[in-house]
Amino acid sequence: MNEMLVLDGLRKGYNAGLPNAITVLDGVDLTVAPGEVVAMVAPSGAGKSTLLHIAGLLDAPDTGRVVIGGTDYAGKGDRARTAARRREVGFIYQFHHLLPEFTAAENIILPQLANGTPRREAEARATQLLDHVGIGHRADHRPAAMSGGEQQRVAFCRALANRPRLLLADEPTGNLDPATSDRVFAALMSLVRDTGLSALIATHNLELAARMDRMVRLEAGRLV
Ligand SMILES: Nc1ncnc2c1ncn2[C@@H]1O[C@H](COP(=O)(O)OP(=O)(O)OP(=O)(O)O)[C@@H](O)[C@H]1O
């Protein structure tokens with residue numbers, strides 16, 4: 001079995017031992033195969049951000065295992081987790097979090113330079129990604145000069161800049177109007193399919209969820 005992502009018996013709570021203690025994840029199990037795109041639907045507050053942060057090694061579960069590309073990160077220290085996160089995982093959030101003082105292209109080039117990619121190569125990759133999502137002509141514009149949908153497409157390109165094997169997205173088109181969301185989501189899926197990466201994408205939108213390979217629902221701390 002060579003799954004891209006395995007979540008095994010994840011439990012996570014907050015404020016243990018206090019009167020306001022809560023259990024957010026109560027035995028989450030999930031596998032995502034190479035190239036598979038899984039939709040996660042969840043009511044607000046159900047714990048999808050918590051789950052995505054744990055799957056992306058930004059946070060640790062109280063118990064349970066996170067296996068990415070065959071490596072079990074349960075017993076690994078911060079250094080190994082940070083290195084793996086940079087190498088293996090791309091994140092997309094509901095709000096783009098682009099750096100406002102840099103252009104679209106620069107926002108995609110910078111994480112590559114930080115990762116040791118030569119500048120020429122990083123520039124070519126940024127151009128290729130922006131062209132792929134249909135905004136190559138906006139490469140030299142700063143985020144403030146772009147529409148919400150364009151900004152979000154730049155964020156997709158940035159998430160994929162370092163060629164991760166796993167994409168984690170938290171409501172990637174959640175702040176866009178329905179028509180724009182639809183178009184921008186199509187651009188994201190085209191990027192994901194062409195690069196063949198695995199993805200776990202949280203969304204409230206059942207129409208978008210239906211376009212992915214499989215849908216799971218986060219309910220009462222478990223995936224069903
Ligand atoms: N650091 C924390 N300390 C205490 N409680 C927390 C913490 N982080 C999250 N929670 C609680 O855990 C629950 C799940 O939070 P989480 O952000 O994962 O939900 P979510 O499904 O992503 O919500 P939304 O869709 O509204 O963004 C919520 O009840 C939240 O208040």
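User: In what order do the strands of the six-stranded open sheet run?

Analyst: Keep in mind that this is a predicted model. Six strands build this open sheet, and their pairing is mixed. Reading across, the order is S6-S7-S8-S3-S9-S10.

User: Which strands stand at the edges of that sheet?

Analyst: An edge strand has a single partner strand, so one of its sides is left without a neighbour in the sheet. Two strands fit that picture, one covering residues 89-92 and the other 222-223. They are S6 and S10.

User: Do S3 and S9 pair in the parallel or the antiparallel sense?

Analyst: S3 takes in residues 37-41 and S9 takes in residues 214-219, with four bridges joining them. One bridge links Met40 to Val216 in S9, and Val41 stands opposite Arg217 in S9. The sense of the pairing is parallel.

User: What about the next pair along, S9 and S10: which residue in the turn between them has a positive phi?

Analyst: S9 and S10 are antiparallel, paired over two bridges, and Leu218 stands opposite Leu223 in S10. The two strands form a hairpin with two residues between them. The turn residue with a positive phi, about 50°, is Ala220.

User: What is the strand order in the open sheet of four strands?

Analyst: Here the pairing is antiparallel. Strands S2 (22-32) and S5 (71-72) stand at the edges, each with a single partner strand, so each has one side without a neighbour in the sheet. The full order is S2-S1-S4-S5.

User: In S5, which residue is the bridge partner of Ile68?

Analyst: Look at S4, residues 63-68, which pairs with S5 in the antiparallel sense. Two bridges hold that pairing. For Ile68, the partner in S5 is Thr71.

User: At about what angle does H1 run to S7?

Analyst: H1 covers residues 48-55 and lies across S1 (5-14), S2 and S4, running at about 125° to S1. H1 also lies across S3, S7 (166-170), S8 (198-202) and S9. Its angle to S7 is about 160°.

User: Which element gives the most residues to the shell around the ligand?

Analyst: The residues around the ligand include Tyr14, Ile22, Val24, Ser44, Gly45, Lys48, Ser49 and Thr50. Two elements, S2 and H1, give two or more residues to this shell. With three residues, the top contributor is H1.

User: And by class, how many residues of that shell are charged?

Analyst: Asn15, Ala42, Ala46 and Gly47 are also among the residues around the ligand. By class, the shell has five nonpolar and six polar residues. The number of charged residues is one.

User: Are H3 and H5 roughly parallel or roughly antiparallel?

Analyst: H3 spans residues 104-114 and H5 spans residues 148-160; their axes are 8 Å apart and the packing angle is about 20°. Ala104, Asn107, Ile108 and Pro111 of H3 meet Val154, Cys157 and Arg158 of H5. Those contact residues divide into five nonpolar, one polar and one charged. Angles under 35 degrees count as roughly parallel, so the answer for H3 and H5 is roughly parallel.

User: How is H3 placed against H4: oblique or roughly parallel?

Analyst: H4 covers residues 119-132, and the axes of H3 and H4 come within 9 Å and cross at roughly 135°. On the H3 side the contact includes Ile108, Ile109 and Leu113, and on the H4 side it includes Ala122, Leu129 and Leu130. The contact divides into nine nonpolar, one polar and three charged residues. With that crossing angle, H3 is oblique to H4.

User: Is the crossing of H5 and H6 left-handed or right-handed?

Analyst: H6 spans residues 178-195, and H5 packs on H6 at an angle of about 15° with the axes 10 Å apart. The two helices are therefore roughly parallel to each other. Among the contact residues are Phe156 and Leu160 of H5, together with Val184, Leu188 and Leu191 of H6. As for the handedness, H5 passes H6 in a crossing that is right-handed.

Methods. Residues are numbered from 1 along each chain as its sequence is written. This is a predicted model: local features need pLDDT of at least 70, side-chain atom pairs count only at pLDDT 80 or more; totals for chains, interfaces and linings use all residues. Two strands pair if DSSP finds at least two bridges between them. Two residues are in contact if their C-beta atoms, placed from the backbone, lie within 7 Å. Axes are lines fitted to C-alpha atoms, for helices over the stretch in contact, and angles run from 0 to 180 degrees between N-to-C directions. A residue is near a molecule or strand if its C-beta atom, placed from the backbone, lies within 6 Å of it. Ala, Val, Leu, Ile, Met, Phe, Trp, Tyr, Cys and Pro count as nonpolar, Asp, Glu, Lys and Arg as charged, and the others, Gly among them, as polar. Angles under 35 degrees count as roughly parallel, over 145 as roughly antiparallel, 65 to 115 as roughly perpendicular and the rest as oblique. A crossing is left-handed if the near helix is turned anticlockwise from the far one by less than a right angle, and right-handed if clockwise.
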